[in-house]
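User: I'd like to learn how to read a model like this one, feature by feature. Could you walk me through it?

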Amino acid sequence: MRIFKENRDHSRLAILKDIPVSLEIHQGIPGTAHFRDGGSDQISCLGCTVPRCMYLSDSDIECSHIKGFPCDRSVMACPVDAIAWNDRSAAPVIDQQRCIRCGICVSRCPVGALYFSDQGEPEVNMTPGDSVINMRPDQAGQDLHACQIEQLLQVPRSGISLQASDPLFETIYEKLQRLGNAYHNPVGRNLLIALGCRCAMRRIGDVYTRMDAVYSSPAGSFGAVEIEFGKDTLDASRGILDDIAVLNTRYGVHKHNNRALVICLQLPNERQGYWQVVKDIRVVEGIKLSTITVGALMFLLWNGCVFEPENDRYYIDFDNMDLRHIICIQADCDSIPLSNGELGIMEPNK
Ligand code: SF4
Ligand code: SF4
């Protein structure tokens, strides 16, 4: 992971003539802004001085509830280094081969200039509409631009940025399964951040901090995170007991305040001991572990949701391994266009 902000060319800096009242995001068309006067426009890239599509903020990567956690300082928003600044166009450019279609960059662009094409590839709209005005890239222009970005982040958004399907997830999971270990934690961390959480990921090489990350949600739930991309999720449920103990003794987090979370690629199948261990932990310790898949997190993101595990919403165990109904409620949809058992994303595949 790169950790330094690059020097970029800001020769093309723009703002909007007016702040929209709403923003619509759909697959296949750049984000559409609706204005007070009834007009609408597809917004092109503003050439941001600090592009949110590329960088997280320092506060995103810390967990305010767990002070002193030794977190990795990488602020790259793309977990697989697939997005970079192109000085010639003064805009971000995406390496489609590396891209895993997570949608983090798309969700973070404040104007929807970065959107998913019909083919499901993130693209940058470079066609300026009537509502965009160019600025001098001097300090005054940059300050005005930064101020407007803060306002744009408050504009309500609607729409589904990428339509889920079996073939799409098959392509995504093929890429995820080929990723090196160093990318697993960034995928989990950056998805949680894009879904409205703060998340601090363990510093690489820190052998004393056993958990992969700690997070806090928009409503204030917080806890340890284990991110498991391999088949051995049993380790994740056992490891999280260790994490709960560490957060209790070293950081003063009482076990019943710890909304611990396991992020896995696929829900373990029924024969694996994972679900029984999760149930045992609830019965013996009174702790309800949350379990969610990378695919389910992406689905929530494409549907404009936040991740909120309040009220143990994501607790599933041996008696009920069905994530689908929980995701339907969170995404406010009647059904999810994924076959039953597909890749173990919404329910185990066996
Ligand atoms: S794609 Fe969006 S966030 Fe990225 S530089 Fe352009 S306007 Fe800014
Ligand atoms: S969709 Fe995800 S993987 Fe692709 S460029 Fe954006 S952040 Fe990176």
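Analyst: Gladly. Let's begin with how elements are named: helices (H or I, at least four residues) and strands (E, at least two) are DSSP runs, numbered from the N terminus. With that in hand, Asn181 can be placed in the loop between α3 (166-178) and α4 (184-194). Keep in mind that this is a predicted model.

User: Is Asn181 buried or exposed, and why?

Analyst: The idea is to count neighbours: a residue is exposed if 12 or fewer other C-beta atoms lie within 10 Å of its own, and buried if there are 20 or more. Asn181 has 8 other C-beta atoms within 10 Å, so Asn181 is exposed. As for its distance to Ala260, the two are 79 residues apart in sequence and 22 Å apart in space, C-alpha to C-alpha.

User: What does the protein chain look like as a whole?

Analyst: Start with the inventory: the protein chain has 8 helices and 15 strands. Its C-alpha atoms fill a box of roughly 60 × 45 × 35 Å along the principal axes. A compact globule of 350 residues would have a radius of gyration near 20 Å, and the protein chain agrees because its own value is 20 Å. Buried residues account for 44% of the 350 residues.

User: How many of the contacts join residues far along the sequence?

Analyst: Take the contacts between residues at least 6 apart in sequence: 71% of them join residues at least 24 apart.

User: Which domains does the chain divide into, and how far apart are the centres?

Analyst: A domain can be made of more than one segment, so read the bounds with care. Here, domain 1 covers 13-53 + 81-158, and domain 2 covers 166-344. Their centres, taken over C-alpha atoms, are separated by 30 Å. Where the domains touch, 10 residues of domain 1 are in contact with 11 residues of domain 2. On the domain 1 side, α1 (104-108) and β10 (157-158) are the elements that give two or more residues. α1 gives the most, with 3 residues. That side divides into 3 nonpolar, 4 polar and 3 charged residues.

User: We've just met β10. Which sheet does β10 belong to?

Analyst: To read a sheet, follow the strand order and then the direction of each pairing. β10 is in an open sheet of 4 strands, in the order β4-β3-β2-β10, with mixed pairing. β4 (40-42) and β10 are the edge strands, each pairing on one side only. Strand β2 (residues 22-26) runs parallel to β10, and 2 bridges join them; Leu23 has Arg157 as its bridge partner in β10. Towards β3 (residues 29-34), β2 runs antiparallel, with 4 bridges, and Ser22 stands opposite His34. β2 and β3 form a hairpin with 2 residues between them, and Gly28 in the turn has a positive phi of about 95 degrees.

User: Which residues of β2 are on the covered face?

Analyst: In a regular strand the side chains alternate between the two faces of the sheet. For β2, Leu23 and Ile25 make up the covered face, while Ser22, Glu24 and His26 make up the uncovered one.

User: How many residues of α7 are buried, and what covers them?

Analyst: For a helix, tally its buried residues and then look at what packs over them. All 9 of the 9 residues of α7 (residues 294-302) are buried, among them Leu297, Phe299 and Trp302. Their cover includes α1, α3, α4, β14 (261-264), β15 (290-293) and α8 (324-331). Just after α7, Gly304 takes a positive phi of about 70 degrees.

User: What surrounds the two ligands?

Analyst: List the nearest residues, then sort the shell by character. Ligand 1 is surrounded by 14 residues, of which Cys45, Cys48, Pro51, Cys53 and Cys109 are the closest; the shell divides into 12 nonpolar, 1 polar and 1 charged. Ligand 2 has 13 residues around it, with Cys78, Cys99, Cys102, Ile104 and Cys105 coming nearest. The shell of ligand 2 holds 11 nonpolar residues, 1 polar and 1 charged.

Methods
Residues numbered from 1 in each chain as written. Chains lettered and ligands numbered in written order. Predicted model: local features only at pLDDT ≥ 70, side-chain atom pairs only at ≥ 80, totals over all residues. Near = placed C-beta within 6 Å. Nonpolar A, V, L, I, M, F, W, Y, C, P; charged D, E, K, R; others polar. Domains from an automatic or database assignment. Contact = placed C-beta atoms within 7 Å. Rg over C-alpha atoms; globule rule 2.2 N^0.38 Å. Pairing = 2+ DSSP bridges.
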